[in-house]
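Notebook open, viewer up. I wanted to see how the strands pair and what sits in the middle.

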Amino acid sequence: MIRINDILDKVAETNPEADLDIIDRAYIFSARVHDGQTRLSGEPYLMHPLEVAGLLADMNLDPVSIAAGLLHDVVEDTHASPEEIETIFGREVQHIVSGVTKISKLPFSSSQARQAESLRKMLLAMADDIRVVLIKLADRLHNMRTLQFHKESKQKLIAQETLDIYAPIAARLGIYWMKNELENSSFKYLMPDEYDRIKERVIADIKEREAYIEEVKGIIHEKMDAHQMKSEVLGRYKNYYSVYQKMVSQNLAFEDVYDIIAFRIILDTIPQCYEALGIVHSLWKPIDIKFKDYIARPKPNMYQSLHTTVIGPRGERVEIQIRTHDMDQVAKSGIAAHWHYKEGGEIDENVSKRFAWIQNLVDNQENIGNPDEFLENVRIDLYPDEVYVFTPHGEVKTLPKGATPVDFAFMIHTEVGNQCTGAKVNGRMVPLSHELVTGDTVDIITSKNHYPSKDWLNFVKTVKARSRIRQWIKTQEKNRSLTLGREMCEKAFRKHRLNFHTLLKSPEMPAVVEHFGFKSTDDLIASVGYGKTTPLQVVRRFLPKMDDAEEDIPRDSILNRLMGRVKKKPAKTEILVKGLDDILIRFGKCCQPVPGDPIIGYITRGYGVTVHRANCVNALKMSPERQIEVAWTEENKETYPVKILVISYDRVGLLADIATIISKSDANIVSVNTSTKENQMVESYLTLAVSSTAHLNRVLSSLRKIHMVQDVRRLNV
Ligand code: MN
């Protein structure tokens with residue numbers, strides 16, 4: 001049974017200047033608030049925080065961690081509040097205790113193995129201070145040591161969670177003795193039969209094994225002494241769980257698992273380690289492929305050691321680890337022991353890139369003198385690009401940082417995404433664009449009659465959500481275009497006294513569809529709806545010979561001859577609608593935008609997007625939700641209609657001059673309307689086809705140079 005004085009002694013021994021007062025005060029506080037509580041074992045509850053604090057002291061943690069260890073259960077299990085902790089022990093202790101409490105509440109009990117990795121990452125991501133994780137590990141270790149007092153079902157649940165979550169974290173942080181103990185005790189509760197079988201086999205030959213350990217240790221010692229090297233040699237049994245894993249993974253019988261015992265040689269300096277390696281290799285033949293130099297290339301968690309496997313004195317494989325005392329300390333306490341570590345080498349660049357915190361450790365090493373400061377600076381940001389959130393059933397989902405409830409909904413199921421109308425995060429309603437953070441529990445609210453919105457594309461982060469929303473919009477647009485295309489075709493066919501619906505089923509139809517390069521009649525009709533194919537083009541295929549003249553009745557004035565070929569502007573446009581590739585575009589008749597004009601789009605009901613000039617009065621009246629960003633594409637080969645007014649004194653040949661100038665400027669006249677006023681002024685309203693505002697401005701300035709022209713201007717409406 002550990003006492004507070006044992007803990008204080010341990011701390012004072014490794015860190016004589018340590019502030020023992022905070023540990024003392026934490027002990028008194030913890031004893032007071034836990035007073036009267038007992039554990040399942042019948043012991044006073046206080047034993048648990050004391051044991052946890054003892055483990056932390058063994059790992060050479062700072063007084064703040066040990067105080068937090070003594071207080072780690074007070075917020076959850078007693079009336080003490082975080083505010084109280086902060087007032088009495090300061091922010092740092094409060095922050096750590098709150099972190100431990102927060103992690104304790106995570107619903108880790110669901111034993112789905114595939115979630116284990118996400119849960120591990122989540123735990124590490126939620127603990128922004130490494131000390132939170134170290135306390136949680138010590139807490140779990142002591143709980144595993146006293147697991148026998150729980151019911152069997154509970155034992156299995158806790159053991160599975162320990163094996164899935166906590167043992168791998170201990171390994172990741174380099175605390176291998178803890179990883180071994182957590183694994184071994186989990187194994188004992190999860191598979192008691194297998195555990196007992198291995199234990200029996202080990203014990204059966206225990207005398208012989210002990211003799212063997214002494215023999216190997218003796219040989220090594222003798223050789224090290226001969227080379228004047230002070231060494232410590234340890235022989236230990238590997239944990240039963242790793243023996244079991246080896247038997248299962250390599251399909252071996254117990255007898256065939258040779259390296260049940262591993263040896264460790266601990267020396268003073270790195271050169272001695274390499275020298276010892278040479279000695280061992282001259283003594284016993286090494287198995288080359290088994291040699292690992294973690295001194296030159298430390299593991300990401302700072303672990304350093306030489307590992308070799310040799311054919312030992314009895315012709316069996318023997319695993320031997322060689323390291324310095326400092327390295328051994330690191331292997332015992334993981335990164336927490338780092339400040340004891342002085343003989344650092346170069347850290348592998350890839351390793352430091354993958355783990356930003358390692359780089360911090362290395363960078364801070366020179367500036368930081370004491371452990372307290374060191375630990376304070378170790379922040380856990382192993383997975384900065386991911387967030388981990390829960391479904392209402394406690395399942396973990398991994399999302400990219402910045403992801404929203406919509407991303408989450410599409411990750412659950414496409415239908416959930418499509419019908420998502422709102423979201424609750426940790427029980428509170430949030431906007432769909434709300435940014436999720438690790439630890440959130442997300443509940444999606446759906447409605448049968450709800451559909452994805454284009455706006456969602458502005459904030460979703462996952463590829464899945466983006467592509468599903470686009471796909472939905474595309475289908476919707478195709479449906480709309482189909483309806484519109486059908487209406488347009490019906491009208492055009494009726495005009496030519498044809499019945500579209502009858503012809504749709506006619507034997508000629510497939511050839512017509514093929515003529516336009518489509519696979520189905522629906523595609524052709526949709527194309528009409530999109531404005532890519534005109535209904536007249538379709539009608540024509542059913543009217544064998546059609547007089548072109550009938551289509552464009554020439555105007556009867558001289559102007560029409562001068563106008564030359566008036567190209568009817570095809571509906572195809574040179575407009576980009578943000579986030580959409582293929583959508584029906586129309587131009588506002590009211591303001592007639594021309595490339596170069598500032599423009600804005602409006603989503604219309606069933607007719608795609610209408611583009612207006614940004615200052616168009618009609619556009620300004622429309623509701624802002626329907627607004628969508630649009631832009632001109634770089635290359636414009638199209639021409640656009642634009643209305644202008646030319647004011648001039650009346651004279652012979654005026655209109656002819658105007659028409660000539662316009663034609664010389666590569667623009668076309670679409671329509672003309674002139675009126676003569678009483679004051680002998682002529683107002684000519686023209687609609688021109690131009691390619692851009694620059695083009696229009698060139699035309700306008702040429703027109704201004706015409707004799708007797710007073711004013712030329714573009715009309716807004
Ligand atoms: Mn606890």
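Reminder to self: this is a predicted model.

**Entry 1, strand 6.** I started with R264 and looked up its bridge partner in strand 6, which is Q321. That pairing belongs to strand 2 (residues 261-267), which runs parallel to strand 6 over six bridges. Then I checked strand 5 (residues 306-311): it is joined to strand 6 by six bridges as well, but the two run antiparallel. On that side I noted T309, whose bridge partner in strand 6 is E319.

I also went through the hairpin of strand 5 and strand 6. It has five residues between the strands, and G315 takes a positive phi near 75° there.

How buried is strand 6? Seven of its eight residues (317-324) count as buried, so the strand is largely enclosed by the rest of the structure.

**Entry 2, the largest core.** Next I pulled up the largest nonpolar core, which has 102 residues. The members that touch the most others are I7, V93, L137, L182, I265, I320 and I322. Helix 9 (residues 130-145) gives the most to this core, with nine residues.

I picked I322 and listed its contacts, skipping residues up to four places away in sequence. I322 touches I265, L267, C273, A276, L277, V280, I295, S305 and L306. Apart from this core lies another one, of 31 residues, with I658, A667, V690 and I706 among them. None of this clustering startled me, as nonpolar side chains in soluble globular proteins tend to be buried together.

**Entry 3, the four-stranded sheet.** Then I moved on to an open sheet with the order 19-20-18-21 and antiparallel pairing. Which strands are at the edges? Strand 19 (668-676) and strand 21 (709-714) are, each pairing on one side only. I looked up the turn between neighbouring strands too, and it averages 20°, direction ignored.

Zooming in on one pair, I found eight bridges between strand 19 and strand 20 (residues 681-690), in the antiparallel sense. For T676, the bridge partner in strand 20 is V682.

**Entry 4, helices on that sheet.** Helix 30 (residues 654-664) packs on the sheet and touches strand 18 (640-649), strand 19, strand 20 and strand 21. I noted its direction against strand 20 as about 20°. Helix 31 (residues 693-704) lies across strand 18, strand 20 and strand 21. Against strand 21, helix 31 runs at about 170°.

Technical notes
Residues are numbered from 1 along each chain as its sequence is written. This is a predicted model: local features need pLDDT of at least 70, side-chain atom pairs count only at pLDDT 80 or more; totals for chains, interfaces and linings use all residues. Side-chain values use heavy atoms; hydrogens and water are left out. Buried means under 20% relative accessible area, exposed over 50%, partly exposed in between (1.4 Å probe, protein chains only). Two strands pair if DSSP finds at least two bridges between them. Axes are lines fitted to C-alpha atoms, for helices over the stretch in contact, and angles run from 0 to 180 degrees between N-to-C directions. Contact means heavy atoms within 4.5 Å. A nonpolar core is a set of buried Ala, Val, Leu, Ile, Met, Phe, Trp, Tyr and Cys residues joined through side-chain atoms within 4.5 Å.
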